[in-house]
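Open the model in a viewer and keep the selection panel at hand. The stops below are meant to be followed in order.

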Amino acid sequence: PQTNRPWAPAVDIFETENELVLKADLPDVDLKDIDVRVENQTLTIEGERKFDQSSDAKGYHRMERSYGRFVRSFAVPNTFDTEKINASYKNGLLTVTLVKKEAAKPRQIKIDVTV
């Protein structure tokens, strides 16, 4: 079977009041095979889903999942601090969080009333 088709994990990216959050579906990818980096306002996720060679591939009736290396890159708006990045991995879900720069956060201004 063809096990090295290129694949790209599905990704959701959303913004909250204070953060930019990226969630990537990486089922069956070992944590040691995931690399997350930020360079020049670009967030890159690289990794590899390895095919279990110990299983007898001849026994497969259908093989729709892709295996092999993947790379996804995303532009990060300059309103987010690329020095403040956090990544976690649980149940095949990679979550990467960047914090909004203080200057970019909405602020409420107190209005002085003069009579």
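The tour of this predicted model goes from the nonpolar core to a sheet and then to salt bridges.

**Stop 1: the core**

Begin with Leu22, Leu26, Ile45 and Leu94. Within the largest nonpolar core, a set of 16 residues, these four touch the most other members. Colour the strands next: β2 (19-25), β4 (42-49), β5 (68-75) and β7 (93-100) each contribute at least two residues to this core.

Now keep Leu22 alone and display its surroundings. Which residues does Leu22 touch, leaving aside those up to four places away in sequence? The contacts are Val11, Asp12, Ile13, Leu43, Ile45, Phe74, Leu94, Thr95 and Val96. Two of these, Ile45 and Leu94, were already selected among the core residues that touch the most other members.

**Stop 2: the three-stranded sheet**

Select β3, β4 and β5. They form an open sheet in the order β3-β4-β5, and the pairing is antiparallel. Which strands stand at the edges? β3 (34-39) and β5 do; each has a single partner strand, so one side of each lacks a neighbour in the sheet. On average, neighbouring strands here are turned by 15° against each other, direction ignored.

Zoom in on the β4 and β5 pair. These two strands run antiparallel and are joined by eight bridges. To find a register point, select Ile45, which stands opposite Arg72 in β5.

**Stop 3: Arg69**

Stay on β5 and select Arg69, which lies in this strand. Add Glu48: the two C-alpha atoms are separated by 4.1 Å, although the residues are 21 apart along the chain. Beyond residues up to four places away in sequence, Arg69 touches Trp7, Glu46, Gly47 and Glu48. Is Arg69 buried or partly exposed? With a relative accessible area of 47%, Arg69 is partly exposed, because that value lies between the limits of 20% for buried and 50% for exposed.

**Stop 4: salt bridges**

Show the charged side chains. The whole structure contains eight salt bridges, and the pairs below are worth selecting one by one.

Start with Lys100 and Glu15, whose closest N and O atoms are 3.0 Å apart in a salt bridge. Lys100 belongs to strand β7 and Glu15 to strand β1 (residues 11-15), so the pair ties together parts that are 85 residues apart in sequence. Turn on a surface to see how the two partners are placed. Lys100 has a relative accessible area of 10% and is therefore buried, being under 20%. Glu15 is partly exposed, at 49%.

Move to Asp28 and Arg65. Their salt bridge has its closest N and O atoms 2.8 Å apart. The pair links distant parts of the chain: Asp28 sits in the loop between β2 and β3, Arg65 in the loop between β4 and β5, 37 residues apart. Asp28 is exposed, with a relative accessible area of 56%, whereas Arg65 is partly exposed at 36%.

Next, select Arg37 and Asp35, whose side chains meet in a salt bridge with an N to O distance of 2.5 Å. Both are partly exposed: Arg37 has a relative accessible area of 44%, and Asp35 has one of 28%.

End with Asp30, Lys32, Asp33 and Lys50 selected together. These residues are joined into one network by salt bridges that share partners.

Methods: Residues numbered from 1 in each chain as written. Predicted model: local features only at pLDDT ≥ 70, side-chain atom pairs only at ≥ 80, totals over all residues. Heavy atoms only, no water. Core = buried A, V, L, I, M, F, W, Y, C linked by side-chain atoms within 4.5 Å. Buried < 20%, exposed > 50% of the residue type's maximum accessible area, 1.4 Å probe, protein only. Helix = DSSP H or I, 4+ residues; strand = E, 2+ residues; numbered from the N terminus. Contact = heavy atoms within 4.5 Å. Pairing = 2+ DSSP bridges. Axes fitted to C-alpha atoms, helices over the stretch in contact; angles between N-to-C directions. Salt bridge = Lys/Arg side-chain N within 4 Å of Asp/Glu carboxyl O.
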